[in-house]
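Trainee: I should like to go through this structure with you, beginning with the ligand and then turning to the backbone. May I put my questions one by one?

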Amino acid sequence: MDKYCVLGNPVEHSRSPWIHARFAQLTGQLLEYGKRLVPLDGFAEAVEAFRAEGGRGCNVTVPFKFQSPALATRLTPRAQLAQACNTLRFDGADVLGDNTDGVGLVDDIRANAGIDIAGRNVLLVGAGGAAAGVLGPLIEAGPHRIVVANRTQPRAADLTRRHGELARRHRVELSAPEIALLQGTFDIIINATASSMSGAGVPVPAGLLKPGALACDLMYGPAAQGFMTWAREHGALPRDGLGMLVEQAAEAFLVWRGIRPPSAQVLAELRASLT
Ligand code: NAP
């Protein structure tokens, strides 16, 4: 059986083994998918050990996404832009590094939430691994404007600088002001910070939400509830990160197996099992 796993620290909470086992069942693929807790200073060794055991690929989660490109022999363009990989595929000596987070978020917003991104004003809050992964695919979805706002503003400025050429090609206005200087309202607000994970409040003022805006937190489960309540109380449509989780997994499954699994069905099943 082909072996895959998710590597992270912490990793106990990960739903990825369940999601990939279900994808495999529904597509008739023979594979096993586990999870491995990796010491904070032992990421490269853990990947090598998994490869040596015959592993065919892995997902990479917090806090190793920025370390994974160094282990790849080639990167997809979206991983190059993000400078972070959440997916590695092993083919003999070849190690492909990819980032499926952004496609996962865009697929979830468009296909599962049924909301178009084209022509919209988007606020992306955060400039860590998750924000780096989603900015490129968000630009490619053709919004009118994307504002990236982060607690540490220079990180947001770096991110927008790196994506400047892509934004120009897609005619998307891209900027990175200080959070305190944010103005106007947005059709879509994406919280890609770890604020919900740490129990901190929502890092931007509610006045930035256009009535009926989509307010999406990449976190899911009980930790996302504070953000969801905030969105609902301010007239926005709340969405958590569960759909993105399933959609980024579906894209990784496609990279590994060449087959797109029925992600909407698996998302519905996962949501039902969690409530
Ligand atoms: P990361 O690389 O550690 O980045 C953390 C980001 O959050 C940085 O921008 C940081 O700002 C900001 N931040 C942290 N605490 C904050 C606070 N109290 N107030 C305001 N900003 C704060 O983490 P990450 O990998 O980007 O992950 C971010 C979130 O996305 C996590 O909750 C993670 O679970 C989620 N995620 C979900 C999926 C999914 O499939 N649903 C996929 C990937 C990630 P500074 O730069 O100022 O430190």
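Mentor: The questions and answers below concern a predicted model.

Trainee: Which pocket does the ligand sit in, and how much of the ligand's accessible area does the protein cover?

Mentor: The site of the ligand is the largest pocket. On its own, the ligand has 920 Å² of accessible area. The share of this area that the protein covers is 82%.

Trainee: Why does the ligand lie between domain 1 and domain 2?

Mentor: Domain 1 consists of 2-99 + 243-274, and domain 2 of 114-240. Residues of the shell around the ligand come from both, so the ligand lies between domain 1 and domain 2.

Trainee: How many residues surround the ligand, and how do they divide by class?

Mentor: The ligand is surrounded by 25 residues, with Gly129, Ala130, Asn150, Thr152 and Arg155 the closest. Divided by class, the shell has 12 nonpolar, nine polar and four charged residues.

Trainee: Which element gives the most residues to this shell?

Mentor: The elements giving two or more residues to the shell are α5 (129-140) and α9 (242-257). With three residues, the element that gives the most is α9.

Trainee: Which side chain places a polar atom 2.7 Å from an oxygen atom of the ligand?

Mentor: Backbone atoms should be set apart here: an N or O atom of the Gly128 backbone lies 3.4 Å from a ligand oxygen atom, and one of the Leu218 backbone lies 2.9 Å from a ligand nitrogen atom. The polar side-chain atom at 2.7 Å from a ligand oxygen atom belongs to Asn150.

Trainee: Turning to the backbone, which prolines follow a cis peptide bond?

Mentor: Most peptide bonds are trans. The bond from Asn9 to Pro10 is cis, with omega near 10 degrees, and Pro10 lies in the loop between β1 (2-8) and α1 (16-27). The bond from Val62 to Pro63 is also cis, with omega near 0 degrees, in this case with Pro63 in the loop between β3 (55-60) and β4 (74-75). The prolines are thus Pro10 and Pro63.

Trainee: What is the phi of Gln83?

Mentor: Most residues other than glycine have a negative phi. Gln83 is located in the loop between α3 (77-82) and β5 (87-91). Its phi is positive, with a value near 55 degrees.

Note on methods:
Residues numbered from 1 in each chain as written. Predicted model: local features only at pLDDT ≥ 70, side-chain atom pairs only at ≥ 80, totals over all residues. Heavy atoms only, no water. Near = heavy atom within 4 Å. Polar contact = N/O pair within 3.5 Å; in protein donor to acceptor, adjacent residues only side chain to side chain. Areas by Shrake-Rupley, 256 points an atom, 1.4 Å probe, with all protein chains shown as cover. 1 Å grid on protein atoms, 1.4 Å probe; cavity = no way out; pocket = protein on both sides within 12 Å on 5 of 7 lines; lining within 4 Å. Sits in = over half its atoms within 2 Å of the grid points. Helix = DSSP H or I, 4+ residues; strand = E, 2+ residues; numbered from the N terminus. Nonpolar A, V, L, I, M, F, W, Y, C, P; charged D, E, K, R; others polar. Domains from an automatic or database assignment.
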